[in-house]
Structures are given as structure tokens and as C-alpha cells.
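Me: Please take a close look at one part of this structure, its interior packing, and go through it slowly. I am in my first year, so please explain each term when it comes up.

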Amino acid sequence: MQFSSADPLRVLIGIFYDFGPSIMVDRVNLREQCVMSYMEPDGSVPEADEQPEGLAELAKDYVFMYVAKMKNMSIPHPEIPEIVKTIMVIGGGWAGLTAASHAANAGYKVILVEKADVLGGKAATMYKTAPLSYPYDQAVPTGIEKKIDAVQSNDAVKVFTGSVLKMLEGAPGNYKATITTPSGEVTEPIGAVVLCAGWTPQDTSYLAPLGYGKLPNVVTSREFEVLANEGNVPKKVAFILNTNLCEPAGDIYSKACEEPAKAEKDEKKEGEEEDKFEHKDMEGYQHLPMSQAVSSVVALKQAGYVREKADNGLAYIFYDNMIVQGIHERYYKAAQDNPGIMLTKGRHHRHHRRSRRSGCQSLQYAHWRRHRSEGGHGCFAHGYRSLHGKRSHHELRLPPGPQLPRPRAF
């Protein structure tokens, strides 16, 4: 039993009062719970040099209570379960390959599950990525091939392509995963799960007010990335980041973010089935403004493609808010200094096709003066969202619920 009245003893209890694993040690807090909080029956606080009789009795009571507590205690013997030291990574894109490599290099066995037939995810279809190292002023190759090779050549990583997680049950450190593969279902013991399901482009119907789908040579930023990776970069492109024309009336976030009403559930009768989980797709216009930071950097990157791949290429970036964070400020500055890239604040005014034969279109944007972009391509900012929120292939038999948690707005 330890009687403490000063802060240092709280720290030193583990040093001076350690009598081995077979002897229990407890602490009686006589300072805060007794001396400092003591008052006389009339509510007055005793003077510093007084020694009230009631205070001594109170201290004895605390000591007796802790002695009684120690008499009725026994040394706990925790039940330590065996832990499965295998990590499952869901998703074989940039994040999934990185997670798998780091886990394997840390000494763990890894099971990588990828729904596509090949590894790489969206990064495999990109021409370049935003700057990843100093001086952060130009796009660089994704390097996804090296990540794929590192995973495939690592004996600690077991890869399932064309596969999805069907079911996960158990407890942390001791899960059982059922994986649906092209050759049938496989069951693997799992200790932990890393979700790297990636992202998916938003439904392009939200861009219809801007003329997408009506005019030739008008694409989304995702479609433009595929064109660049195939070497098909036009000479003149207008990148449109201002999508305010697509915004519906009312609050665009309330429907996605508000908590559903929790109706009281009647007790289930014997033999009656439990309610089944229903996956709800939360896609909406809100993904356009929520993706603005990504869209801004993507526009800077793709404007650089035009300057790199087309002789005397010309790129316009029209924006409402150019959002670049941290190191990407250098990237933004480099684009401003490029004579073939024009950045200006503007909004969509109108669009029409000038000639069916030539396939040219006119996209007009209002800023300080009206600008007309003719004969080139239009590239609209695209909304991005978590693939996990878009759809779900798996089922969880775990206490939190039948699905992995996700932000409601995504």
C-alpha cells in the first residue's frame, strides 16, 4: 500500500514500489481526495497550521477502504489469444501496393486482393502524377510499374487478382476472410485489414449543364488523362474548374450528411428474420466541389501535358477557386510562369457547336472580359469519390455492423 501526497511519487511508484509480479500495489490518494478537498461541517476551510480532527478521521477512512479493497483483490491473469500475423490489403492500386510493400518489409505476411485482372489501379492509366519530390514544380512518372514489381517479386505477398472479399468474420487479430477468386472461394486467416479500395469518377450526368455529352471534343479530366497516356493530346485545351452552373438549388450537403431518423425497432418475434443491411449510394453533386482541391492540381498537371506533347500547345484554366495546398504552391507558381498556360478566374457563359463538318465548338467564359475558346478541346473538372462508398462486394460479421464504416457524404 502506498500513501502519496506529491506529484513525483505518482511517477516513481513504478520504480520504488515494484515488488514483483506476485505482489499487488495500490495508491491511496490523500492529497486531492482528502486534504485539498476537506471542509469543516459548516463549510469553512481550515487554516494552514490547523490539524482538524475530522481530517484525520477522513484520512483513516480512505486508508481502511483501500486496505479492504486490496484484501478482496487477486492478481489478474489475462487471457492472451494467439494473433494471426497476416495482413490483408484490399485494393491493388497505388495505395494498396504501397501498403503491401511496407507491411511485407516490416516482416508480416500479406494477402493482396484486387478486383481487376491486373495490378496498378487508376495509376496504371495515368501519364504522370503531380510532383512528389523537390523542387515540386513539374509532373513526374507515376512509378507504378516499380511498385507492381516490388509486390510481385516479394515472397511474403500473396496476390489475388480478379478477386473480391466476400466475407470477413472474427475479431481483431483473428479474422477469417472468404475471398471470391476466378477459380472459386478461398478462406484465409487474417490478423488485420487495410482498405485501399481507391476512387471512381463521378457520374458524368452532373456535367450536362456545361454541355458535356452534347459537343464533340469535350471530355472530363479523367478521360483526358487516358488520352494523354495513349499519346493523344490536343494542341489547344480549355480546362474548366468552375462548375457552379451544375449546382442544384438548395443545400447540396444536407441530404448526404444528415443522420437518418432512428426509428424504434419492435422486438423480433421468435423465428422472424433480422433486417438485412442495405447499401446506400450517396453520390450527388456535392462530389464536384468536394473534389476541387484534387481537380485544381489535375488541371495544372494536364495543362502541362499540352505544353509538353503539342508543338506550341496552348492551355487555358478557368476557375472559381484555385485550391492548391502546401508543396503544390510551387507547382501552381510554375504554371503561372509558363507562357503557354493562361490561368484566370471565370465562369461558364455558353457553349455551342460552330460547324458539324469541322467538329469545332465555341466555349465562352465571362471574367473581366468575355473570352472565346474555339477549335480546341474542352476539359471539365470531374468529381471523385471513394470506391468503397460507391458499391460494396463484401459482408462483415463483426460487432460494428455488416459493412466497413464510411463518411456519409462520400
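Reply: Two residues are said to be in contact when heavy atoms of theirs lie within 4.5 Å. The model is a predicted one, in which local features need pLDDT of at least 70 and side-chain atom pairs count only at pLDDT 80 or more, while totals for chains, interfaces and linings use all residues. Residues are numbered from 1 along each chain as its sequence is written, and side-chain values use heavy atoms, with hydrogens and water left out.

We can begin with L300, which, if neighbours within four places in sequence are left aside, is in contact with I317, M322, V324, Y331, Y332, A335 and L343. L300 is also one of the residues with the most contacts inside the largest nonpolar core, a group of 27 residues, and it shares that role with F224, F239, I317, M322 and L343. A nonpolar core is a set of buried Ala, Val, Leu, Ile, Met, Phe, Trp, Tyr and Cys residues joined through side-chain atoms within 4.5 Å; buried means under 20% relative accessible area, exposed means over 50%, and partly exposed lies in between (1.4 Å probe, protein chains only).

Two or more residues of this core come from each of α6 (221–229), β12 (236–240), α9 (292–309), β13 (314–319), α10 (328–336) and β14 (341–345), and α9 gives the largest share, six residues. These helices (H or I, at least four residues) and strands (E, at least two) are DSSP runs, numbered from the N terminus.

The loop between α9 and β13 holds N312, whose phi is near 55°, a positive value in a residue other than glycine. Most residues other than glycine have a negative phi. N312 counts as exposed because its relative accessibility is 69%.

Apart from the largest core lies another, of 15 residues, among them I87, A100, A104 and V151. V151 belongs to helix α5 (residues 144–152), where the buried residues are I144, I148 and V151. These three lie on the same side of α5, because they cover an arc of only 65° around the axis, the arc being that of the directions from the helix axis to the C-beta atoms. Their cover includes α4 (94–105), β4 (109–114) and β5 (157–161), whereas the face of α5 turned away from the buried side carries the exposed residues E145 and K146.
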